[in-house]
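Trainee: I am new to this structure. Can we go through the terms and what backs each of them up?

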Amino acid sequence: DIAPAGSDLARGLDAIHAADRNFDPQSFLTGAGAAYEMVVTAFAQGDRKTLRNLLSRDVLAELERAIDEREARGETMTTHFVGLDKATISDATMNGRTAQVTVRFVSQLVSVTRDKDGEIVAGDPKRVDETVDIWTFERDTASRDPNWKLAETKTAD
């Protein structure tokens, strides 16, 4: 259901399954969707503790820098997660012992950024926006830790 037989994606998913017999693409997508909502919400709230558990070092540094800059400007961000419309695996590879899975998320969000005086500087509290993000998760398949970390983020054009 995830990938056409014989496709690069199917071969990538098979390679990950060969390295990690517990890997199941459907279960992975369920977990990735939950992680997506947690990361989006934690970023808006400036919740660094939650982010630390979900992100690679590089992505964590990038998001912490954005949170620090937002806080330095005296801005606050609120994000209401309306729903995840679709999550699809678009790529899957093994890079040595590291499994990498890229997911395309289509979600509905209401996001607003306010300045220190409470004035809106970005977003609209009455508008639901469709957001398309492409996130790559990775996991060392030789590790006993079953958790995947967000290793790369992009916003679709």
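Trainee: How does the lining of the largest pocket divide into nonpolar, polar and charged residues?

Mentor: The model is predicted. In it, that lining holds seven nonpolar, five polar and two charged residues. The lining has 14 residues.

Trainee: What makes a residue part of that lining?

Mentor: A lining residue has an atom within 4 Å of a point of the pocket. The 14 residues meet that cut-off, so they count as lining. V40, F43, D133, W135 and T155 lie nearest the centre.

Trainee: Which elements each supply at least two residues of it?

Mentor: Helix 2 (25–45) does, along with strand 1 (76–95) and strand 2 (98–114). Strand 4 (129–140) and strand 5 (149–155) do too. The volume of this pocket is about 380 Å³.

Trainee: What volume does the second largest pocket have?

Mentor: About 250 Å³. Its lining has 13 residues, and G31, A32, P146, N147 and W148 are the closest to its centre.

Trainee: Which element gives the largest share of that lining?

Mentor: Helix 2, with five residues. Helix 2 and helix 3 (48–54) each supply at least two. By type, the lining has seven nonpolar residues, five polar and one charged.

Trainee: Why is G12 called buried?

Mentor: Its relative accessible area is 7%. Buried means under 20%, so G12 qualifies. G12 is found in helix 1.

Trainee: How far is the C-alpha atom of G12 from that of A92?

Mentor: They are separated by 4.7 Å, although the two residues are 80 apart along the chain.

Trainee: What share of the chain is buried?

Mentor: Buried residues make up 38% of the 157 residues. The under-20% cut-off applies to these as well.

Trainee: What makes a set of residues a nonpolar core?

Mentor: Its members are buried, and they are joined through side-chain atoms within 4.5 Å. The largest nonpolar core has 31 residues, so 31 residues are buried and joined in this way. F28, L55, V101, V103 and F137 have the most contacts inside it.

Trainee: Which elements give two or more residues to this core?

Mentor: Helix 1 (8–19), helix 2, helix 3 and helix 4 (57–72) do. So do strand 1, strand 2 and strand 4. Helix 2 has the largest share, eight residues.

Trainee: Is there a general background to such a core?

Mentor: In soluble globular proteins, nonpolar side chains tend to be buried together.

Trainee: Which residues does F28 touch, leaving out those up to four places away in sequence?

Mentor: F23, I89, V101, V103, F137 and W148. Contact means heavy atoms within 4.5 Å, so F28 comes within that distance of each of them.

Trainee: How do helix 2 and helix 4 pack?

Mentor: Their axes are 9 Å apart, at an angle of about 35°. Helix 2 brings V39, F43, A44 and Q45 to the contact, and helix 4 brings L63, A66, I67 and R70. Six of these residues are nonpolar, one is polar and one is charged.

Trainee: What pattern does the chain follow along the sequence?

Mentor: It reads α-α-α-α-β-β-β-β-β. That fits four helices and five strands. The C-alpha trace spans about 55 × 30 × 20 Å along its principal axes.

Conventions:
Residues are numbered from 1 along each chain as its sequence is written. This is a predicted model: local features need pLDDT of at least 70, side-chain atom pairs count only at pLDDT 80 or more; totals for chains, interfaces and linings use all residues. Side-chain values use heavy atoms; hydrogens and water are left out. On a 1 Å grid over the protein atoms alone, a cavity is a set of points where a 1.4 Å probe fits but cannot get out, and a pocket is an open set with protein on both sides within 12 Å along at least five of seven lines; lining residues have an atom within 4 Å of a point. Grid points are joined across faces, edges and corners, and a volume is the space filled by probe spheres set on the points. Ala, Val, Leu, Ile, Met, Phe, Trp, Tyr, Cys and Pro count as nonpolar, Asp, Glu, Lys and Arg as charged, and the others, Gly among them, as polar. Buried means under 20% relative accessible area, exposed over 50%, partly exposed in between (1.4 Å probe, protein chains only). Axes are lines fitted to C-alpha atoms, for helices over the stretch in contact, and angles run from 0 to 180 degrees between N-to-C directions.
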